Amino acid sequence: RVPALPVKNLNGTGPVHPALAGMTGILMCAAGLPVCLTRAPKPILHPPPVSKSDIKPVPGVNGICRKTKKKHLKKNKTPEDVVRRYIQKVKNPPDEDCTICMERLVTSSGYDGVLSHRGIKAELVGKLGKCGHMYHLLCLLAMYNNGNKDGSLQCPTCKAIYGEKTGTQPPGKMEFHLIPHSLPGYTNSKTIRIVYDIPTGIQGPEHPNPGKKFTARGFPRHCYLPDNEKGRKVLKLLIVAWDRRLIFTIGTSNTTGESDTVVWNEIHHKTEFGSNLTGHGYPDPNYLDNVLAELLAQGVSEATL
């Protein structure tokens, strides 16, 4: 009987890496032993065909479609207003580093002379209200001006979010519905299917290269959740994240190296329906808890519902 060596995909989880399988095959042939390299199974990316009559709304979730909403900072809120809103002035700061400019808090900000604003002196120090971390006010202002300018602040030390964080996701559409098929590991549940669709376009002022065209590869993208209590909660939070433009951003693709293209933004999705050969499918008993933690890190929690 000819031994078979199942070779995994380069991005997969098969038992034998292609290079190791090739070396093993050469050695076995050199020893006069027969060998047969078998192909790894292909991932099951999509469910069986579903008729329109079998597609249903997700219970407890309003609507079946969302479009990107752009939220901008209100005109009456200057960057100084935003920074002052979330901090308390510290009269006697400790002799430790400001982790933004890396100068001592008891000295002037490293942005002194680089960034100046009326009413904010270089030596002023502020403490963030929830987490208590301290920075030069001028450093916080520089950090805010270098971000999305959406009226929120994120502590650079502990990542606590102040206000409502929004992202730079380009315009598009998010659809969600129920299909009558089960995911591996959830045989007693139907499946929530999410379809994201973002077209190519021109980058806005919040993007890396304003005025330059961006690409959108692989759309529409299909993603899957189990139709159970936790899966429906994840969907509701993903809708909030979509409205806040946090699901996608424009950057450089880790897969292809292409720049100025639409990429995922630190909230992982399952794009493989009936297998987990690429690591983006089911079964994965920890996925729902992991994505809830990722949403929380973006400021999207159950309290937002």
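Biologist: In which loop does Glu164 lie?

Modeller: Glu164 sits in the loop between strand S8 and strand S9 (173–179). Keep in mind that this is a predicted model.

Biologist: How do I read its accessibility; is Glu164 buried, exposed or partly exposed?

Modeller: A residue under 20% relative accessible area is called buried, one over 50% exposed, and anything in between partly exposed. Glu164 has a relative accessible area of 33%, so it is classed as partly exposed.

Biologist: How far apart are Glu164 and Asp150, in sequence and in space?

Modeller: The two are separated by 14 residues along the sequence, and their C-alpha atoms are 7.9 Å apart.

Biologist: Now backbone angles. What sign of phi should I expect?

Modeller: Most residues other than glycine have a negative phi. Two residues here depart from that pattern. Lys159 has a positive phi of about 70 degrees, although it is not a glycine. Arg245, also not a glycine, has a positive phi near 65 degrees.

Biologist: Where are Lys159 and Arg245 found?

Modeller: Both are loop residues: Lys159 lies between S7 and strand S8 (161–162), and Arg245 lies between helix H4 (229–243) and S14.

Biologist: Is Lys159 buried or exposed, and is Arg245 buried or exposed?

Modeller: The cut-offs above apply again. Lys159 has a relative accessibility of 51%, so it counts as exposed. Arg245 is at 3%, and therefore counts as buried.

Biologist: What about the peptide bonds themselves?

Modeller: Most peptide bonds are trans. One cis bond here joins Phe219 and Pro220, with omega about 0 degrees. Another cis bond joins Tyr282 and Pro283, with omega about 5 degrees.

Biologist: In which loops are Pro220 and Pro283?

Modeller: Pro220 is in the loop between strand S12 (213–214) and S13. Pro283 is in the loop between strand S15 (261–264) and helix H5 (287–297).

Biologist: Pro220 leads me to S13. What is the strand order of the open sheet of 4 strands?

Modeller: The order is S3-S9-S10-S13, and the pairing is antiparallel. Strand S3 (65–67) and strand S13 (221–226) are at the edges with a single partner strand each, so one side of each has no neighbour in the sheet. From one strand to the next, the twist averages 20 degrees.

Biologist: How many bridges join S9 to S10, and over how many do S10 and S13 pair?

Modeller: S9 and S10 are joined by 7 bridges and run antiparallel. In that pairing, Leu178 is opposite Ile192 in S10. Strand S10 (residues 191–197) pairs with S13 over 6 bridges, also in the antiparallel sense.

Biologist: Which residues of S13 are the bridge partners of Ile194 and Val195?

Modeller: Ile194 has Cys223 as its bridge partner, while Val195 has His222. As a general guide to such strands, in a regular strand the side chains alternate between the two faces of the sheet.

Biologist: How many residues of S10 are buried?

Modeller: Of its 7 residues, 6 are buried, and the strand is mostly covered.

Biologist: What is the order of the open sheet of 3 strands?

Modeller: That sheet runs S4-S5-S6 with antiparallel pairing. Strand S4 (87–89) and strand S6 (134–136) are the edge strands, each pairing on one side only. Neighbouring strands in this sheet are turned against each other by 35 degrees on average, direction ignored. Strand S5 (residues 125–128) and S6 pair over 3 bridges in the antiparallel sense. Within that pairing, Gly126 has Tyr135 in S6 as its bridge partner.

Biologist: Last, the pockets. What volume does the second largest pocket have?

Modeller: Its volume is about 630 Å³. The pocket is lined by 24 residues, and those closest to its centre are Gly147, Asn148, Gln154, Lys165 and Thr166.

Biologist: Which helix and strands each supply at least two residues of that lining?

Modeller: Helix H3 (137–145), strand S7 (153–154) and strand S14 (248–251) do. At the domain level, domain 2 (52–70 + 171–304) and domain 3 (79–159) each give at least three residues to the lining.

Biologist: How do the residues of the lining divide into nonpolar, polar and charged?

Modeller: The lining of this pocket has 6 nonpolar, 12 polar and 6 charged residues.

Note on methods
Residues numbered from 1 in each chain as written. Predicted model: local features only at pLDDT ≥ 70, side-chain atom pairs only at ≥ 80, totals over all residues. Heavy atoms only, no water. 1 Å grid on protein atoms, 1.4 Å probe; cavity = no way out; pocket = protein on both sides within 12 Å on 5 of 7 lines; lining within 4 Å. Points joined across faces, edges and corners; volume = space filled by probe spheres on them. Nonpolar A, V, L, I, M, F, W, Y, C, P; charged D, E, K, R; others polar. Domains from an automatic or database assignment. Pairing = 2+ DSSP bridges. Axes fitted to C-alpha atoms, helices over the stretch in contact; angles between N-to-C directions. Buried < 20%, exposed > 50% of the residue type's maximum accessible area, 1.4 Å probe, protein only.
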